[in-house]
Amino acid sequence: MADSSRTCDQYRGLSLWMSQVQDSLKPRPALPGDADADVVIVGAGFTGLWTAYYLAKADPTLRIIVLEAEVAGFGASGRNGGWCSEFFPASSAKIARGKGRAAALLMRSAMRQSISAVSTAVDAEGIDCSFNRGGTVAMARSATQLQRARREVEEAREWGDTEDDLRFLDATETSEFISATGLLGGTYTPHCAVLDPARLVRGLAEKVVGLGVQLYERSPVRSINQHSVSTDNGTVRAEVVIRGTEAYTPAIPGSRREVAPVYSLVVATEALTQAQLDTVGLDIRPSFTDFRHLISYGQRTVDSRIVFGGRGAPYHFGSRTKAEFDSDPRVFNLLQRNLIELFPILEGVTFSHSWGGPLGVPRDWHASVGFDRATGFGWAGGYVGDGVSTTNLAGRTLADLVCGIDSDLTALPWVGHRSRRWEPEPLRWAGVNAGLKVMQLADASEARSGRESRAAKVFGRLLSG
């Protein structure tokens, strides 16, 4: 829900990325009253803005309105870890079980092509977001993690991937990408880029406005109805209504159990010295992670910082999202300790920024996009934190669906997918937080025993089934 008293400086304080954008972050005018449009889009994050961008490009005559509760990029689009990757939350094996192997292969290809689509748009529009396609290095720092690394490569081969797509690294090869402690091996894929997400989303907002899209900020939507969207200031009537609200979807009446807003938190160092950078490595600026169960993600920024994030913050009862949930000193401290453990040279370095925010998790961990021509309602979301590239794919797909174009995109297996709803409370609260705890305990257990955690496997299947 929008906070009309929020200042530009408070928006700038949402993340390292938002603190560095070049514009003032002064909100655009709110919706002034009732309005008519051909398409109304709820949410000015990546989903909504990519959809507006590709629709405006496809048909410049369309009257498009975008409604945003705060300012463009307020949500995950302005706060994420800056990975533009091939990762789709549902595995290829899971997609194949439901739609067949050919469909799963098409989804893998589409995700990889989406990285290039983002790069093409950034170049075409002159958006300076420090886009760098350095791939992803995933570290194995224990025997169990090394097993998972080998298994990941074996599974990739079963899907037709070659060494050019994903390769196993021994300890020496891994250290050529990243000079972390305790390396036993790892994997490397070129199918990922890092970027500054806030500069991308703010640049995209500017571009869609330039294409004639009407973007109204500080206009929180109170209800989404057939062919209309209601705000405090008025109602927008349109043939097509697109919902792109991701983790904030539960605030919309009737959507409480669509996704679970799970918080991910991030820390960033001050700019490092050249000596520190030489020790850390990451010279080609790959994104980096490891094979622990509890997800972590990092990158070396263009201005010589290390940005490092991960899960661990609790899910809040009733799918609530509040500003105070963006900060958790316990998790921030854990992230800092983990990063210093990886790179001891960072001991004593100032962590200049820490922030967080919610991401949308569907019950089956399966992102989706769709459009019902009969009702005019379209949606996309449930990215589980892998949204920077997936939102671009969603925007291109929604543009084709709305324009009535049968394409390779509209035939992808995530189109029209419907995740079952989350359980009512308190089951939802208990299940999500139990899952987080199991993954934390599994990592600790593996570190002690050297054996893979069966509990993590079992609970992962239960939670994402």
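**Close-up 1. Partly exposed R222 and its partner D232 in the predicted model.** R222 has a relative accessibility of 29% and therefore counts as partly exposed. The side chain of R222 forms a salt bridge with that of D232, with an N to O distance of 2.7 Å. R222 belongs to strand β9 (residues 221-225), whereas D232 sits in the loop between β10 (228-231) and β11 (235-243), so the salt bridge ties together parts 10 residues apart in sequence. D232 is exposed, its relative accessible area being 56%.

**Close-up 2. Salt bridge between E452 and R148.** The closest N and O atoms of this pair are 3.1 Å apart. Distant parts of the chain are linked here: R148 is in helix α6 (residues 143-158), and E452 is in the loop between α12 (427-449) and α13 (454-464), with 304 residues separating the two. Both E452 and R148 are buried.

**Close-up 3. Salt bridge between R305 and D303.** The two side chains meet at 3.1 Å, N to O. R305 has 14% relative accessibility and counts as buried, because the cut-off for that class is under 20%. D303, at 28% relative accessibility, counts as partly exposed.

**Close-up 4. A network of salt bridges.** The residues shown are E86, D161 and D165, which carry the acidic side chains, together with R108 and R112; salt bridges link these five residues into a network. Across the whole structure, a search finds 26 salt bridges.

How values were computed: Residues are numbered from 1 along each chain as its sequence is written. This is a predicted model: local features need pLDDT of at least 70, side-chain atom pairs count only at pLDDT 80 or more; totals for chains, interfaces and linings use all residues. Side-chain values use heavy atoms; hydrogens and water are left out. A salt bridge is a side-chain nitrogen of Lys or Arg within 4 Å of a carboxyl oxygen of Asp or Glu. Helices (H or I, at least four residues) and strands (E, at least two) are DSSP runs, numbered from the N terminus. Buried means under 20% relative accessible area, exposed over 50%, partly exposed in between (1.4 Å probe, protein chains only).
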